[in-house]
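Visitor: Could you take me on a close look at the place where the two chains meet? I'm new to this, so please go step by step.

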Amino acid sequence: MSTKLSNITKPGKFQIKSIAGAETTRLMEMGILPGSTLEMVRKAPTGFPVEIKVRSSLYTLRKSEADCIELEV
Amino acid sequence: MEQTPKTIALVGNPNTGKSTVFNALTGLRQKIANYPGITVERKVGTSIIGGVLHQVIDLPGAYSLNYKKLDERIAYQALIGSYEHEEKPDLVLAIVDVTNLDRNLFLVSQLLDLKIPVILVLNMMDVAEQKQITINENLLSDNLGVPVISVSAKQKEDIERLKNFIATEELKAPQPLAWLESFQIRRALGKVKKEWIQPCTNIPEAAHDTEALRLISEGNFDEVFYKYQDKEKGLSVIKQAREILEQAGENPMAAEVLQRYDFIDRCTKDATQQTTDSSLSLTDKIDSVVTHKVFGPIIFASVLLLMFQAIFSWATPFMDFIDLIFVETGNWVANTMAPGILNDLLVEGVLAGLGGVVIFLPQIIFLFFFIYILEGTGYMARAAFVMDGFMTKVGLHGRSVVPLMSGFACAIPGIMATRTIENWRDRIITIMVLPFMACSARLPVYALLIAAFIPSTTVLGIFTYQGITFFALYIFGIVMALVAAAVMKRFFPSGQQTPFIMELPAYKMPKWDVVFRNVADRGWIFVKEAGKIIVAISIVLWFLASFPNVDEQEYAQNAYDGETIESYQLRHSFAGKFGQIIEPTIEPLGFDWKIGIGLITSFAAREVMVGTLNTIYSIEGDDEDIVTLKEKLINDTDPETGKPIYSVATALSLMIFFALAMQCMSTIAIVRRETNSWKWPTAMFVYMSALAYVCSLITFQIGSNL
């Protein structure tokens, strides 16, 4: 089973299944790779952006970017 | 004999302590300016290394040479020697943060392809020790093929060690494409190089591999690419190259990145050790409060309130003091020098202009002091995270909030503060709508007109029409800013797609020397670059209001009953004549020539309107005596019809005009400086003034026909 990061509502750790879409290159350059562990830390008061932790760094992603990341659930 | 300085470029991800290394290497021998034509800052300095003077360039922070943002493009083009405003470096210092080594090494793996000597500087070793990260530098150096040194940039002796290392290490360019194992990528790369880059472009030879890889992974291209004549051929070659990868089952956007990370894994596997620590760090703990759904916005609002307090109240005594010094100096010069044109020029043109520049410094300094602390600690990125959802709805960015709010005090520091917005389009839109925020210079004008024309009748028990009008004008400014932003977002060329992914750096104490230096730099840049424009315009305005000179005889014969010579002079000056010439244009707005003159002189600063009306109405004494002026405005009648000139509709129309029109030369000057072109201040002037005209016209026409 897999789902998009943008659909995740509760914080937790996930394994990245795949990256697709327009932002693929930049996300992967930042080390957000298939197989990496991604922690969904929290969502902003308005739902997006979403804050994630990958390789001990914190990032915020808008919905369009969160849509590119497919997670194993 | 003069020695040509060797050029060293500092390259690294954002938040790696690159600027700390730069400051430590160059000390006070550094210069900050913008690259010509764009808003990216160029930081360059000199450093004596091994007894030789070197030039040190702090290139903009970048996550990748496959650029997605303007500042990354500058870094890339500077490194390959194709950026006309930057020298090609002889040596690259790759500054990396060891707490996220893999991601930092991604950029380094790209640097290794450029045929420039690279030294890898492992920074933040102090933090790494706390996190129990250990790195075998020798092994890492062997694996990557470049010299490696660990430092903690805050330590003086580490910087000396770094200088010695640079001076003694044998510098040679690493082997390019050491990471590349895939045969398919090699084929695609060779094709693009041979069929497109070599025959059809002027890209320096050393950058051919990098450029080819960039084109293959990039789906859409920017204007640099489309300037080439044979771009059609280029597109088809790149498409074929991508097909080579696709047929082999690889995603062209991902293939290269995956290979580089495989390489990084191979390089770091034996060379680094990290005990996995799953306990919550201090950053995590702070974040759970400041980015909390409820507390987050409350904390942010409190921070904003504190900044407001600083730029509104705390800056006031300093501004009054500066004002006093310039007034006293002006009086002294006026009384000491022989009276005449030169005296007037110095006092009313040059000194008034300089005073008008320096007066902004307290607000700029206070605001930037706060901003650099918030940036330095890492809070600013959190505030942007909390606000981003609200702001994207109107086409702005979470980082637009602080500049916009600063606009309530003054647009100048607000516009300077937009440089915390990375995305160029978001930044320009924020700058373009920021002057709608009701700045404090509008207050005296609003106060005068409201006191004179809006009844103080109480409504709903506790409110008065006057209070409601005041409030409405502030809300009107905010609404217009948001509407304008939403409209501009639609029409704005978005250009290359810019990623919104934003890193939240770990919290740390701000470095006070950096904070103070940055604040001083901002203040100095304002005085130097916006200042010359402001002084120049203020001399022009002085000239327009003072010439042609009238003599006393002429005044005695022609003046109105009770008219002072100052009033007579102003009425017959170029500005006065111009005010009368534009009267037919502004008549539909309900304005007469007197307001016309005020609109011209208030270009120096909006509050000058009040002083000008004082002069025109021949009020002697204190400029800020609005009670007398108020009476004069209410009682002023048209000499032909005998009816009052000003009505509530006129006052409302004038307030709307002041709320919307671009009437501030200092704002024009700072927009010119921050955007590095006259295009944006011109556009701002035209669109804001046109909007003001239309809205005032509607207000007056509806208001006077009710």
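**Where the chains meet**

Guide: Sure, let's start with the contact itself: 31 residues of chain B are in contact with 29 residues of chain A. Keep in mind that this is a predicted model, with an ipTM score of 0.95 and a pTM score of 0.81.

Let's look at the chain B side. Helices α3, α11 (255–268), α13 (295–336) and α16, along with strand β12, each supply at least two residues to the side of chain B that touches chain A. The element that gives the most there is α16(B), with 5 residues. Sort that side by class and you get 16 nonpolar, 9 polar and 6 charged residues.

Now for the sheet, which takes in strands from both chains. It's an open sheet of 7 strands, and if you walk across it you go β1(A)-β6(A)-β2(A)-β3(A)-β4(A)-β5(A)-β12(B), with antiparallel pairing. At the edges sit β1 (2–4) of chain A and β12 (502–504) of chain B, each pairing on one side only. On average, neighbouring strands in this sheet are turned by 40 degrees against each other, if you ignore direction.

Let's zoom in on the end that crosses between chains. Here β5(A) and β12(B) run antiparallel and are joined by 3 bridges. For a pair you can find in the view, try A:T60: its bridge partner in β12(B) is B:M502.

Then hop over to the other edge. There, 3 bridges join β1(A) to β6 (residues 69–72) of chain A, and these two strands also run antiparallel. Look for A:T3, which stands opposite A:L71 in β6(A).

Remember α16(B), the helix that gives the most to chain B's touching side? Helix α16 (residues 379–392) of chain B also packs on the sheet, where it touches β4 (50–54) and β5 (57–61) of chain A as well as β12 of chain B. The direction of α16(B) makes about 125 degrees with that of β12(B).

What about the nonpolar core? The largest one has 222 residues, and among those with the most contacts inside it are A:I32, B:A94, B:V96 and B:M655. Leaving out residues up to four places away in sequence, B:M655 touches B:Y446, B:L449 and B:L473.

Last, a word on confidence. Chain B has a mean pLDDT of 84, with 94% of its residues at 70 or more. Among the elements of chain B, α3 (residues 101–111) has the highest mean pLDDT, 95, and α29 (residues 626–635) the lowest, 72. You've met α3(B) already: it's one of the elements on the side that touches chain A.

Methods. Residues are numbered from 1 along each chain as its sequence is written. Chains are lettered from A and ligands numbered from 1 in the order in which they are written. This is a predicted model: local features need pLDDT of at least 70, side-chain atom pairs count only at pLDDT 80 or more; totals for chains, interfaces and linings use all residues. Two strands pair if DSSP finds at least two bridges between them. Helices (H or I, at least four residues) and strands (E, at least two) are DSSP runs, numbered from the N terminus. Axes are lines fitted to C-alpha atoms, for helices over the stretch in contact, and angles run from 0 to 180 degrees between N-to-C directions. Two residues are in contact if their C-beta atoms, placed from the backbone, lie within 7 Å. pLDDT is the predictor's confidence in each residue, from 0 to 100. Ala, Val, Leu, Ile, Met, Phe, Trp, Tyr, Cys and Pro count as nonpolar, Asp, Glu, Lys and Arg as charged, and the others, Gly among them, as polar. A nonpolar core is a set of buried Ala, Val, Leu, Ile, Met, Phe, Trp, Tyr and Cys residues joined through C-beta atoms within 7 Å. A residue is buried if 20 or more other C-beta atoms lie within 10 Å of its own, exposed if 12 or fewer, and partly exposed in between; C-beta atoms are placed from the backbone.
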